[in-house]
Protein chains: 2
Amino acid sequence: MLLKARVLEFEAKKPIVILNRADAEDLGIKPLDRVELEAGKKKRIAIVNVAEEFIRKGWIGLYGRLQEELKVKEGGNVEVKPIQQPASVVYIKKKLSGKVLKPQELKQIIKDVVEQKLSEIELTSFVTALYNHGLTLEEAAALSTAMAETGKILRLKKKPVFDKHSIGGVPGDKTSLLLVPTIAAAGCTIPKTSSRSITSPAGTADRMECLAPVELEMEEIKRVVEQTGGCLVWGGAVELAPADDLLIQIEYPLAIDPLLLPSVMSKKKAVQAKYVVIDIPTGRGAKIKTIGEANELAERFIELGKRLGIQVKCVSTFGEQPIGFGIGPALEAREALTALKGKPPADLLDKVMHIASTLLGFKNKGAEKRVLQIIKSGKAERKLREIIEAQGGDPKVQPEDIPIGEKCVKIKSGERGRILWINNHAIARIAREAGAPSDKGAGILLRKKLGDKVEKGDVLLEIYAEKGFKLNRALELAEELDVMGIGERYEMLLAKIPEEKHKRIFILER
Amino acid sequence: MLLKARVLEFEAKKPIVILNRADAEDLGIKPLDRVELEAGKKKRIAIVNVAEEFIRKGWIGLYGRLQEELKVKEGGNVEVKPIQQPASVVYIKKKLSGKVLKPQELKQIIKDVVEQKLSEIELTSFVTALYNHGLTLEEAAALSTAMAETGKILRLKKKPVFDKHSIGGVPGDKTSLLLVPTIAAAGCTIPKTSSRSITSPAGTADRMECLAPVELEMEEIKRVVEQTGGCLVWGGAVELAPADDLLIQIEYPLAIDPLLLPSVMSKKKAVQAKYVVIDIPTGRGAKIKTIGEANELAERFIELGKRLGIQVKCVSTFGEQPIGFGIGPALEAREALTALKGKPPADLLDKVMHIASTLLGFKNKGAEKRVLQIIKSGKAERKLREIIEAQGGDPKVQPEDIPIGEKCVKIKSGERGRILWINNHAIARIAREAGAPSDKGAGILLRKKLGDKVEKGDVLLEIYAEKGFKLNRALELAEELDVMGIGERYEMLLAKIPEEKHKRIFILER
């Protein structure tokens with residue numbers, strides 16, 4: 001059927017066209033069926049939407065990208081014909097009915113994901129099918145490989161490549177900011193790409209961005225790593241395993257994460273990592289609640305690594321409170337820098353020590369002493385400044401140079417006792433409400449941590465914000481939520497069910 | 001955050017707004033999060049999309065419906081604030097993780113479906129969760145009730161209400177066109193609403209539309225049924241269980257149908273049916289392959305009926321070949337009319353007899369004789385003409401008045417023997433390729449059915465089309481597919497695997 005092009009200014013990443021209902025019926029197609037478009041010598045495949053009036057009979061609405069690719073102008077001719085659905089849709093249905101997919105089937109799906117050929121309905125059914133039926137290790141390996149191969153590969157000269165990844169979930173975890181320069185200062189290669197926050201107050205890329213640019217191109221990353229041994233960049237700016245970024249857009253609104261293993265391991269494969277440590281924060285308030293669960297997950301990571309030619313070790317770390325004291329991009333960048341200048345919070349140093357020595361331990365015994373020496377001697381700090389400079393930041397930056405939010409409120413204790421528990425989720429929500437991570441200076445500074453003694457009137461935490469209305473919103477939320485538990489000892493009664501309203505333990509002061 | 005309205009002409013049924021990425025980040029929201037919009041005294045909730053350039057910072061893109069509801073003009077002020085996701089999303093996630101939902105949870109989901117409050121990702125995860133985890137009978141009953149209650153209810157004075165439904169899958173099934181007037185002529189009330197075709201060559205609404213208008217309003221349907229005892233109308237034109245029509249838009253591209261039971265039963269509840277017969281076509285090439293499967297499904301329909309206060313009987317009918325000879329709206333309408341004028345194909349009459357007597361048998365024994373008398377005496381034909389007239393059609397219409405496609409091709413046999421099998425799927429696909437159901441006159445007329453003797457050169461079937469290029473496409477498809485099997489007896493070898501190309505048995509003649 002020959003139709004006239006109507007160019008639409010609306011942005012769409014997927015190749016979508018809009019047909020008038022009458023034309024769609026004549027072609028025998030329904031919304032979300034596929035058509036082949038032909039204009040001049042160019043051909044493209046598109047997903048069909050149907051409109052009653054917006055597109056008149058005889059016309060076809062084309063989004064920007066398709067119009068450019070087909071090189072067709074407003075009113076130009078486009079030949080439209082219906083085609084079968086892509087093979088990947090057949091494979092998605094196969095998975096949906098509980099069957100195990102073959103490597104080439106998964107590869108085809110990932111290829112079509114990356115090329116934006118699948119509709120949201122198809123993508124969602126793929127993600128929910130994985131969530132419902134799980135993945136065999138063979139499927140996870142095939143997915144990891146396909147996700148790496150459909151993107152760019154970071155090929156570094158100096159091998160082997162070391163890497164680490166935390167499955168996240170604990171606020172204030174600035175470990176990578178200390179770990180990467182430590183490993184690089186030990187003479188090893190560690191090209192760390194990391195994510196921005198999705199639901200947390202800060203991702204490693206958000207933290208590092210307070211110190212240096214993180215949106216580097218592939219060639220720049222190569223230069224930085226070859227010069228300094230390490231980098232701390234945003235993975236989203238380079239096309240390493242880009243399928244993951246597209247699938248996250250489906251996982252996020254559903255708050256499910258069936259692609260955790262292939263997502264992590266595809267990124268590691270894409271940087272040609274040989275030795276990887278996976279950090280699994282464990283505890284109430286973390287993603288993984290018990291050591292048993294952590295062990296199960298670790299086993300899958302290790303086995304998957306074997307299939308991909310990557311040596312993996314896992315560490316389960318204490319995840320029942322934030323790491324260090326700062327939460328939010330700037331507060332965390334400050335704390336990391338201060339830590340490397342010789343004043344690390346005990347838990348942060350402990351965590352960096354364990355992960356760094358596990359990572360170096362792939363090749364050397366007794367790595368712990370070496371790690372401590374690298375940090376204490378200032379080598380790690382100098383290395384971080386080298387990396388900051390190579391990425392385009394100011395190598396002389398001091399903690400107090402990093403601006404933090406000017407609006408601040410202190411939250412004081414209404415009781416005396418000890419800190420019995422800290423609610424990670426509440427801390428994260430309040431920090432986000434205050435503006436983190438998009439307002440870099442927003443966040444929380446803890447003044448007390450687990451086990452600390454508290455007198456009535458002591459400051460428990462400070463909330464920082466760049467904007468007054470966000471501080472107010474964060475405060476309101478802090479009043480609502482149970483952020484910390486204070487008492488002399490753990491009480492036997494956890495809750496009465498149906499639960500009664502908790503007494504409020506906070507006094508608020510502006 | 002106060003933003004300026006930009007009115008978008010694009011049609012969208014869902015309340016969607018578009019924010020600039022910078023504003024979305026400031027609000028702390030991601031694509032598909034929800035916001036509350038306030039303009040003047042009006043408030044609305046909308047789903048967020050994010051654009052890089054299409055909507056500038058400080059502006060908000062509003063689709064037509066939202067703009068009308070908020071009564072805001074281009075450049076007018078809209079106050080935007082983030083809100084939590086609707087409760088129904090929490091329930092969908094609960095089902096996604098395999099848990100059973102409570103009636104009030106399902107009711108909330110269906111309410112939000114009907115009010116278009118859920119994104120495609122959320123709708124798809126609901127449908128795939130139902131597909132993966134199935135429905136308990138309690139869930140199916142709650143869904144049926146919720147789907148009926150969120151739409152209109154057809155309240156007829158003359159009770160009890162009778163109804164029938166076929167789960168479909170067999171081409172050429174024009175049973176309802178004979179059954180409805182038969183039941184109505186017996187003095188019973190049967191307000192038959194039916195669907196248009198989704199993937200078949202014709203739905204009952206498509207067939208009836210060759211005889212009379214089918215897009216009637218509720219009040220018109222009431223008038224027709226109260227005047228004649230029956231009707232044959234398109235369910236999509238009235239808001240009976242409208243959730244179903246919205247969920248079908250997700251099920252169709254995935255070719256899954258987890259809502260079969262609530263979908264059927266909610267429509268029956270919405271017309272206050274008391275006695276219902278469900279037709280389950282059974283056999284290779286039908287949706288249900290074996291009597292065992294048919295029994296299982298029937299049991300669920302009957303049990304679900306009990307929970308909804310509806311008496312259900314099920315019939316499993318022979319589904320291994322099309323019903324009668326005509327396939328396609330006009331060819332089927334012709335055949336139904338001819339059948340009522342005293343020349344019914346044996347299988348069609350047999351099917352109508354069984355279903356009608358089962359339906360009347362709820363209240364009377366020995367209904368079979370009565371059904372036959374109603375059809376043979378011409379009472380059913382007169383009743384159909386009454387219904388046609390009441391719906392606004394021509395009561396004097398004769399079969400030959402119904403236009404069928406002028407382009408025709410006969411397909412002849414290249415062998416002698418008997419018809420051993422007919423491929424329903426191939427028949428349906430060829431009829432659709434010829435233009436059915438949107439070209440009403442397109443379709444297939446079978447000249448031979450199962451068991452019929454065939455000489456070399458005998459016509460097996462005729463393909464009708466309104467447009468030449470569609471006839472060609474249908475022909476090409478007929479050459480590709482195995483439509484009928486001809487032989488002296490069933491051969492023991494079904495297939496060699498890997499399958500060899502079948503020899504072609506058709507000779508084509510224009």
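A residue counts as partly exposed here when the number of other C-beta atoms within 10 Å of its own falls between the buried mark, 20 or more, and the exposed mark, 12 or fewer. Q116(B), with 16 other C-beta atoms within 10 Å, is therefore partly exposed. Keep in mind that this is a predicted model. Below is a quick tour: the two chains together, then the backbone oddities, one enclosed helix, the sheets and the domains.

**How chains A and B meet**

- On the chain B side, 34 residues are in contact with 34 residues of chain A.
- Helices α1, α3 (87–96), α5 and α10 (242–254) of chain B each put at least two residues into the side that touches chain A.
- Which helix gives the largest share of that side? That's α5(B), with nine residues.
- Sorted by class, the side of chain B that touches chain A has 15 nonpolar, eight polar and 11 charged residues.
- Chain B lands on chain A after a rotation of 180° with 0.0 Å of shift along the axis, and the RMSD is 0.0 Å. This is how copies related by a two-fold axis sit.
- Both copies use the same surface, as 100% of the contact residues of chain B turn up again in chain A.

**Backbone spots worth a look in chain B**

- The K159(B) to P160(B) peptide bond is cis, with omega near 0°. You'll find P160(B) in the loop between α6 (137–149) and β7 (161–166) of chain B.
- Another cis peptide bond runs from A436(B) to P437(B), again with omega near 0°. P437(B) belongs to the loop between α17 and β15 of chain B.
- L32(B) isn't a glycine, yet its phi is positive, near 80°. L32(B) sits in the loop between α1 (21–27) and β3 (34–39) of chain B.
- Is L32(B) buried or exposed? It has 22 C-beta neighbours inside 10 Å, so L32(B) counts as buried.
- Q116(B), also not a glycine, has a positive phi near 60°. Look for Q116(B) in the loop between α4 (103–114) and α5 (120–133) of chain B.

**Helix α17 of chain B, tucked in**

- Why is α17(B) (residues 424–433) described as largely enclosed by the rest of the structure? Because eight of its 10 residues are buried.
- The buried ones are N424(B), I427(B), A428(B), R429(B), I430(B), A431(B), R432(B) and E433(B).
- As background, an α-helix has 3.6 residues a turn, so residues three or four places apart point the same way.
- The cover over the buried residues of α17(B) includes strands β12 (326–327), β14 (417–422), β15 (443–446) and β17 (459–465), along with helix α18 (468–480), in chain B.
- After α17(B) comes G435(B), with a positive phi near 125°.

**Sheets and strand pairing**

- In chain B, three strands make an open sheet in the order β16-β14-β18, with antiparallel pairing.
- Edge strands β16 (453–454) and β18 (484–487) of chain B each have a single partner strand, so each has one side with no neighbour in the sheet.
- β14(B) and β16(B) run antiparallel and are joined by two bridges. G417(B) is opposite V454(B) in that pairing.
- Over in chain A, β14 (residues 417–422) and β18(A) are antiparallel and joined by four bridges. Here R418(A) faces G487(A) of β18(A).
- In a regular strand, side chains alternate between the two faces of the sheet.
- β18(A) (residues 484–487) has M484(A) and I486(A) on its covered face, while G485(A) and G487(A) are on the uncovered one.
- β10 (residues 273–282) and β11 (residues 311–318) of chain A pair in the parallel sense over eight bridges. Within this pair, I278(A) stands opposite C314(A).
- Add helix α12 (residues 291–308) of chain A to β10(A) and β11(A), and you get a right-handed β-α-β unit.

**Domains of chain A**

- The domain assignment splits chain A into domain 1 (2–83), domain 2 (87–134), domain 3 (161–238 + 273–399) and domain 4 (407–509).
- Between the C-alpha centres of domain 1 and domain 3 of chain A the distance is 47 Å.

Conventions
Residues numbered from 1 in each chain as written. Chains lettered and ligands numbered in written order. Predicted model: local features only at pLDDT ≥ 70, side-chain atom pairs only at ≥ 80, totals over all residues. Contact = placed C-beta atoms within 7 Å. Nonpolar A, V, L, I, M, F, W, Y, C, P; charged D, E, K, R; others polar. Least-squares fit on C-alpha atoms with pLDDT ≥ 70 in both. Pairing = 2+ DSSP bridges. Right-handed = clockwise from strand over helix to strand, strands pointing away. Domains from an automatic or database assignment.
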